[in-house]
Amino acid sequence: MSRKSRKANTDIQKTFMKPVTVGYVRLSVSKEESNHSIENQKLIIESWAEQQKTVISHFYVDNGFSGSNYERPAFQELLQDIKGEKVNCVVVKDLSRLGRNLIETGYYIEMFFPSHKVRFVSVNDQFDTIDGINNQLGDFKVCVSFTNAFHEETALDIKKKTETALDYKAQRGLFIGARAPFGYKKSEVNHNKIVIDEEAAKIVKKIFELATNNMGLTEIVRYLNENHIPTPMQYARAKGLTGKYNDGSGNWNTRSVKHILTNSTYTGILIQGKNKRIVENTHEALIDSNSFKIVQKNLQSKISNVETKPQSTENLLKGKIICGCCGRKMQRKRGTNHADWYFFTCNTNNRIATGMCTGMYIREEEIFHAIYKELGTEIATKEIINNIEEIRVYQRKKVSVKWSELWYNKK
């Protein structure tokens, strides 16, 4: 047994003779983890590498991601590189940087890394799997489990404390969002207070003005796009916003306009937090309450009008018909005077801006006819293939029978 164990250890050590060593660092969104700075983690990992006379070839960095979430971009990139055999040694400052969930973290340490022949090192925990996870001292394995359990409990405690602190701030009318709503910005003196951003505020006021005059969402969107008015994300990027935010298509859409028109923040009210704390007069209003009520009434009336229209039959092709010109999804509509036939049309020119698409159009029955034709061809092809296979099987059986007869007659 001892000889087998030494051989196993030798095989594992051979794997790490020329390791591609990388570091993984993570900084949580919680301020309570500020002592785990990115630079501090890198220094500790590099110090370990110097002692081991090796070099950290690359750092995978997740800045602003919770340890309870394992869908972190850099961590997922690391896993893909491990699967692609680009990495065979991962070093972290401590186990909490890998994650704060007992089961998930245990899976990576005890299953994922060993199965891909990857050495894992946690510097501060003095944990190293160079001899394999199963060859660690028994007491130390227990220690690692307790450490992971402690980190998981710490994550839950931090989350609870953070939620309590944010709820307390929300009750006092302090702004707790990461970014101020479009039309506002965080005060340079107090980041828990929002003040008017004059340039963006003009756009918000224009949107409310159009809505007050009973202009629909689609018409407002077309007006904004045709006049090349920047979207909230475009405006934020122009003002220096960085980070992995979804920039969208670069055009206004009904969802973004509706979000602005239904946001009571513009009336000087903050509704925040998990418990939806409502505090009035927390900041200067952009829109007076009467105008806001008129807009809500107009929006509701338009929704009611849509609901009173005759019900259409089920749209079996919903989300599957794409415009060949602009690449956007086409909308299904009922025939003229609500006749019982349907067609698909591209509304890009109406919804986004004039001239962005040629305006594709096709009847629903034509689409189904094309589908049935294609299915018929596919089915016929498969039947031919199946028939050929049956003929081959039959011929093989026939040849087999013939040879058996010859053999019998020969005897």
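**View 1. Surroundings of the buried residue Thr21.** In this predicted model, Thr21 has a relative accessibility of 1% and is counted as buried, because buried is taken to mean under 20% relative accessible area. The residue belongs to strand β1, which covers residues 21–27. When neighbours within four places in sequence are left aside, the residues in contact with Thr21 are Trp48, Thr54, Val55, Ile56, Ser57, His58, Cys89 and Val91.

**View 2. The open sheet and its edges.** Five strands make up an open sheet of mixed pairing, and their order across the sheet is β2-β1-β3-β4-β5. At the edges stand β2, residues 58–63, and β5, residues 127–128, each of which pairs on one side only. Helix α2, residues 38–51, packs on this sheet and touches β1, β2, β3 (89–92) and β4 (119–122), while its direction makes about 155° with that of β1. The pairing of β1 with β2 is parallel and extends over six bridges, and within this region Tyr24 is found opposite Tyr60 of β2.

**View 3. Glu39 on helix α2.** Glu39 is a residue of helix α2, and with a relative accessibility of 51% it counts as exposed, because the class begins over 50%. Between the C-alpha atoms of Glu39 and Val25 there is a separation of 9.1 Å, the two residues being 14 residues apart along the chain.

**View 4. Strand β4 and its two partners.** On one side β4 pairs with β3 in the parallel sense over four bridges, and Ser122 of β4 is the bridge partner of Val92. The pairing of β4 with β5 is antiparallel and consists of two bridges, with Asp128 in β5 as the bridge partner of Val121. These two strands, β4 and β5, form a hairpin that has four residues between them, and in its turn Gln126 has a positive phi of about 55°. In a regular strand, side chains alternate between the two faces of the sheet. Both faces of β4 are covered, with Arg119 and Val121 buried on one side and Phe120 and Ser122 buried on the other.

**View 5. Positive phi values in two loops.** Asn214, a residue other than glycine, has a positive phi near 70° and is placed in the loop between α7 (198–212) and α8 (217–226). Its relative accessibility of 43% makes Asn214 partly exposed, because this value falls between the limits of 20% and 50%. His228 is likewise not a glycine and has a positive phi of about 55°; this residue lies in the loop between α8 and α9, the latter helix covering residues 232–238. His228 counts as exposed, with a relative accessibility of 71%.

**View 6. A nonpolar surface patch that includes Ile379.** Ile371, Tyr372, Leu375 and Ile379 form a nonpolar patch on the surface, and together these residues have about 400 Å² of accessible area. Ile379 is placed in helix α13, which covers residues 364–410. The relative accessible area of Ile379 is 48%, and the residue is therefore classed as partly exposed rather than exposed, since the exposed class requires a value over 50%.

Terms used
Residues numbered from 1 in each chain as written. Predicted model: local features only at pLDDT ≥ 70, side-chain atom pairs only at ≥ 80, totals over all residues. Heavy atoms only, no water. Patch = residues over 30% accessible without salt bridge, like charges linked within 9 Å, V, L, I, M, F, W, Y side chains within 5 Å. Areas by Shrake-Rupley, 256 points an atom, 1.4 Å probe, with all protein chains shown as cover. Salt bridge = Lys/Arg side-chain N within 4 Å of Asp/Glu carboxyl O. Buried < 20%, exposed > 50% of the residue type's maximum accessible area, 1.4 Å probe, protein only. Pairing = 2+ DSSP bridges. Contact = heavy atoms within 4.5 Å. Axes fitted to C-alpha atoms, helices over the stretch in contact; angles between N-to-C directions.
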